[in-house]
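Hello,

Here is the model I promised to pass on. My notes follow below it.

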Amino acid sequence: MTAQTIHRTTPRASAGGRRKAPRWGQLASQAFLISACVLWLLPIAFALYVSLRPYSETQKYGYVSMPHHLTLKNFSDAWTQSDMLHYFWNSVLITVPSVIIVLALASGLAFVLTRVNVKINVALLIVFTAGNLLPQQVIITPLYRIFLQIHLPTFLAGSGLLYNSITGLIVINVAFQLGFCTFVLSNYMKSIPDEMYEAALVDGAGLWTRFRKLTVPLCRPALAALATLLTTWIYNDFFWAITLMSSGDKRPVTSALANLQGQFVSNQNLIAAAAMIAAIPTLVVYVLLQKQFIAGLALGSSKG
Amino acid sequence: MTDHELDPATVGAPRAPRRRRLGRLSGRDKAVVAVLLGLPILIDLVFIWGPTLGTIGLSFTKWNGVGGLSTKTCQPNVPSILNNGCLYGVQNYHQAATIYPEFWPAVRHNLIWLAVFVFFATPLGMLFAVLIDRGIKGSRMYQSILFLPVMLSLALVGIIWEFMYSQNYGLINTVIGHNHNGNAIDWLGNPKLNLWSVLVEATWRQAGYVMVLYLAGLKAVDPQLREAAVMDGTNAWQTFWKVVFPVMRPINIVVMVVTVIESLRAFDLVYITNKGINGLELLSVLVTSNIVGETQRVGFGSALGVVLLVISLVPICTFLYLTFRRESQPKGAR
């Protein structure tokens, strides 16, 4: 990137009078990006500001006013009054198993599709990739009926059905994300040199060993990137949770917030605080694992 | 597919070694293949492709979700309670296109959504990426800030923007002085305005997403290409459109697909805003409200789902064709 910047300016500098052009360009770019960033932060910053102000103060002076004092009380109130811990726990119970199961199934599938000559491997990959691109609403009608038909033992689903159970949400998240992960992992696995597999074969490694001991460790960067993406996507899911669950108390936190919005309709400060709390996990993922997250998105699009 | 090329003995005979290769699998290997292949295929068929076919099938029936389906043809002029679960032909489609008042507005809203994503969010994201990729001061910080909304759930985006748009306490109305009962602008309630207000929220998120995809693409562009172009005397604008943009073809395909799919999938934002009514109708909302609502019209909702399926198959097939075309060619052709 630096090399390119240098080359961009050198010929211009030699052209004499146009030397200033890139500097103006730089200035304009800076100004544009700074104003864009202000616009991009404004909604979040304002919601955060509302969440930090006492209800009584915003009642008296309006939401857009100078602060007299700031408080964290809305956060503690939102936490205690709305049972957020419970919804968070639901989110964890849905997200963690889903991510693990998707990655396990997708890596196994991608391995077979790239390393074993199943005649229909390209066709299968196409089927899985296409499945991930369908809008959710295309499959929801029969899915809803299927979820009502499948009975589960009560230790897996309190409702006794796949419908309205955390297991059901895990199942659909796994099914839906499988395509994307298989696509990304199979692209990644294709880049592993054949010689490594030849060597493993000479050492007498069976197919399972070649998968478990050779492929999975080599795919660790891709798996980490995908895990970050999946965690965010599944945690942020809204559609499956509101269509495949009937009772609010089993819902994950992002969709439970929709109910809270109705419950606290008169106290917007509390809603703002609850929204901020619900955003914390993804923001933590973002701050700690931004590189992985972006790497995951890039992996999905880097196929040449 | 890849192994035989390393084996000098089999070059020139690409068919035969395939079979031999599979034949070399031991019994245990075959069991591994069966499990690793079987389980995901089962899940995908039962929960994705089964329901997709189911939607198509149900779209030709008239069914309220109670009682069974039959192969009888629906009888005209019979009360709908006696006419349940019967074959309805293309009547659902016909009704959707002719007498269902929300259908055409929803199609129009989906198209507007797509147009805003294509002509506004995507170029904006691309512009962000190009500026950031030039390595100006603070580029990492800009990137982080512009990408922030992508991490948030769309439901949360809707809640957060409520504080910007609210009639009485919203930031926008207060700043422009339109927050009094007489002159307040109802950004999210007025059916002439609310689609555009929600599209601002959607663009706010989508531009960051597009930016990251393009950043990945720009990093992959060989710097020598640009150097050569600059040496040839092209300016930055020409270099981008004539050299960099064409090289990013794979990313352009992905961005195109993401844009179309995301605008067809749009649901969360309008649902959290007003459950997708009064100016915010979308096809996705209509499907959902017909099957999970109180009066279930499963057949009719499915027909709307099939419309959505047919539209989304266009970008899906394009993507698959462009992506997998070279898979079926011999490897050396790459």
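Trp161(B) and Trp204(B) are both buried (under 20% relative accessible area, with over 50% counting as exposed and partly exposed in between; 1.4 Å probe, protein chains only). This is a predicted model, where local features need pLDDT of at least 70, side-chain atom pairs count only at pLDDT 80 or more, and totals for chains, interfaces and linings use all residues. Residues are numbered from 1 along each chain as its sequence is written, chains are lettered from A and ligands numbered from 1 in the order written, and side-chain values use heavy atoms, without hydrogens and water.

Searching the whole structure gives 29 aromatic pairs over all chains (Phe, Tyr or six-membered Trp rings with centres within 6.5 Å; planes under 30 degrees apart are stacked, over 60 edge-to-face, the rest tilted). Trp161(B) and Trp204(B) make an edge-to-face pair, 5.5 Å centre to centre with 80° between the planes. Tyr165(B) and Trp187(B) have ring centres 6.2 Å apart and planes at 40°, so they are tilted. Tyr165(B) is buried too, at 5% relative accessible area. A cluster of ring pairs links Phe176(A), Phe238(A), Phe239(A), Trp240(A), Phe267(B) and Tyr271(B).

Now the interface: 107 residues of chain B are in contact with 113 of chain A (heavy atoms within 4.5 Å). By the rule, 0 salt bridges cross between chain B and chain A (a Lys or Arg side-chain nitrogen within 4 Å of an Asp or Glu carboxyl oxygen).

Best wishes
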